[in-house]
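Trainee: I am new to this structure and would like to look closely at one part of it. Could you walk me through the nonpolar core and its surroundings?

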Amino acid sequence: MVEGIYGTAQEVFRTEQKIEQECLFYVALSRARDRLFLYAPTQKSNGHQWGLSPFLDRLGQGLNRRHVTPDRVLPEVPEDRNIELVIEGGLRFSASQIGLYESCPRRFFYTHVLQLGGRRGETTFMQMHEAVRTVTQALIAEGTTTDDDIDIEKRIWEAMIPYELADHGSIEELKTFAMEMIQYFVAMRAGYTPESPTTLRLAFGNDEITVKADDVLVGQDGKLTLRRVRTGHMRSKENKDVGTAAFVLAAQQNFPDALVDSLSLSDQKVDSVSLSKAELQTRQKKLGDFLNHIRLGHFPTNSSTRTCPGCPAFFICGPTPAGALQKKF
């Protein structure tokens with residue numbers, strides 16, 4: 001989208017970023033009157049080395065470089081301190097909930113411990129996806145494999161009514177998207193005998209993680225398939241998060257011979273979900289560690305300039321009052 005630029009998007013990005021950084025460096029230098037101090041960290045918080053800016057070499061030999069080792073450590077961030085949590089009974093979380101702990105423990109605390117909510121405002125496109133989800137869930141619950149387009153269109157229209165999409169200027173386009181997704185969903189069930197959806201449980205001592213198989217299908221060979229159904233796009237890291245690992249582990253514990261796959265209606269794609277034994281062992285340990293951290297009240301922030309401003313807990317994220325919090329899940 002940058003006119004007159006040649007090369008890949010990544011190359012263009014790096015070139016423009018370097019130009020912007022050079023301009024900022026010049027502005028910083030040109031504001032000094034008598035002397036100029038430049039400070040730069042040489043080590044990241046995880047202990048890895050942090051290289052200095054190559055722009056420093058342009059200042060010549062007159063630059064006086066000094067390495068300073070701080071004699072004090074930064075105080076602990078209040079919101080990163082453990083919260084005194086008194087839990088009655090075992091922990092009970094779904095795979096998607098524990099997946100939120102992986103991405104941001106602090107948001108998990110607000111959403112699933114304090115239960116302050118966390119749903120973002122829905123756009124029209126999101127509402128269309130909710131309507132599609134309503135139709136697919138109804139078809140699964142009924143155990144039907146209908147391919148009647150008139151029936152599908154009627155179901156979509158009825159599912160859109162609660163969202164008041166009938167008078168939307170793009171209603172025809174929204175209906176077209178929804179029809180394509182539902183038709184693909186129905187096509188991917190052809191040749192299978194649908195079974196009732198089931199909730200799988202993955203035990204960790206007194207704690208457990210629940211996983212819902214959105215669609216349970218029996219093939220012509222009698223093989224059982226447990227399927228996750230998503231209306232959105234398949235994520236590039238679909239097989240790497242702990243939620244997916246929990247799904248596979250729970251499936252293996254409850255139905256050792258079952259196949260596990262993930263269906264994306266937007267991509268019109270079905271992917272087999274398979275993890276190696278070593279990967280499953282690593283993710284299982286990580287899941288256990290997350291549950292232990294929750295018991296210890298460990299909910300540190302995972303700050304991000306990209307995701308934090310859109311987080312429902314953005315304006316309240318911070319330290320909590322002193323005292324114990326009693327909770328039963």
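Mentor: Happy to: we will start with the whole protein, move into the core, and finish at a pocket.

Please keep in mind that this is a predicted model. The protein has eight helices and 10 strands. Its radius of gyration is 26 Å, well over the 20 Å that the globule rule gives for 329 residues, so the protein is more spread out than a compact globule. If you draw a box around the C-alpha atoms along the principal axes, that box is roughly 80 × 60 × 40 Å. Of the 329 residues, 34% are buried. Among contacts with a separation of 6 or more, 70% join residues that are 24 or more positions apart.

Now for the part you asked about. The largest nonpolar core holds 42 residues, and Ile209, Leu226, Leu287 and Phe299 are those with the most contacts inside it. Several elements give two or more residues to this core: among the strands are strand 1 (85-88), strand 4 (198-204), strand 5 (207-213) and strand 7 (224-230), and among the helices are helix 2 (95-103), helix 3 (105-113), helix 7 (242-254) and helix 8 (277-295). Helix 7 supplies the largest share, eight residues.

Leu226 is a good place to zoom in. Leaving aside residues up to four places away in sequence, Leu226 touches Leu200, Ala213, Asp215, Val216, Phe247, Ala251, Phe255, Ala258, Leu259, Val260 and Asp261. Apart from this core lies another one, of 23 residues, including Ile152, Ile156, Leu165 and Leu263.

Let us go back to strand 7, where you will also find Thr225. Is Thr225 buried or exposed? Thr225 has 2% relative accessibility, and buried means under 20%, so Thr225 counts as buried. Again leaving out residues up to four places away in sequence, Thr225 touches Tyr192, Asp215, Val216, Leu217, Leu259 and Asp261. Try comparing the two lists: Asp215, Val216, Leu259 and Asp261 appear among the contacts of Leu226 and also among those of Thr225.

One last stop is the second largest pocket, which holds about 1,200 Å³ of space. Its lining is made of 22 residues, and the closest to the pocket centre are Leu38, Tyr39, Ala40, Arg66 and Val68. By type, the lining residues divide into 15 nonpolar, four polar and three charged.

Methods. Residues are numbered from 1 along each chain as its sequence is written. This is a predicted model: local features need pLDDT of at least 70, side-chain atom pairs count only at pLDDT 80 or more; totals for chains, interfaces and linings use all residues. Side-chain values use heavy atoms; hydrogens and water are left out. A nonpolar core is a set of buried Ala, Val, Leu, Ile, Met, Phe, Trp, Tyr and Cys residues joined through side-chain atoms within 4.5 Å. Buried means under 20% relative accessible area, exposed over 50%, partly exposed in between (1.4 Å probe, protein chains only). Helices (H or I, at least four residues) and strands (E, at least two) are DSSP runs, numbered from the N terminus. Contact means heavy atoms within 4.5 Å. On a 1 Å grid over the protein atoms alone, a cavity is a set of points where a 1.4 Å probe fits but cannot get out, and a pocket is an open set with protein on both sides within 12 Å along at least five of seven lines; lining residues have an atom within 4 Å of a point. Grid points are joined across faces, edges and corners, and a volume is the space filled by probe spheres set on the points. Ala, Val, Leu, Ile, Met, Phe, Trp, Tyr, Cys and Pro count as nonpolar, Asp, Glu, Lys and Arg as charged, and the others, Gly among them, as polar. The radius of gyration is taken over C-alpha atoms; the globule rule is 2.2 Å times the number of residues to the power 0.38.
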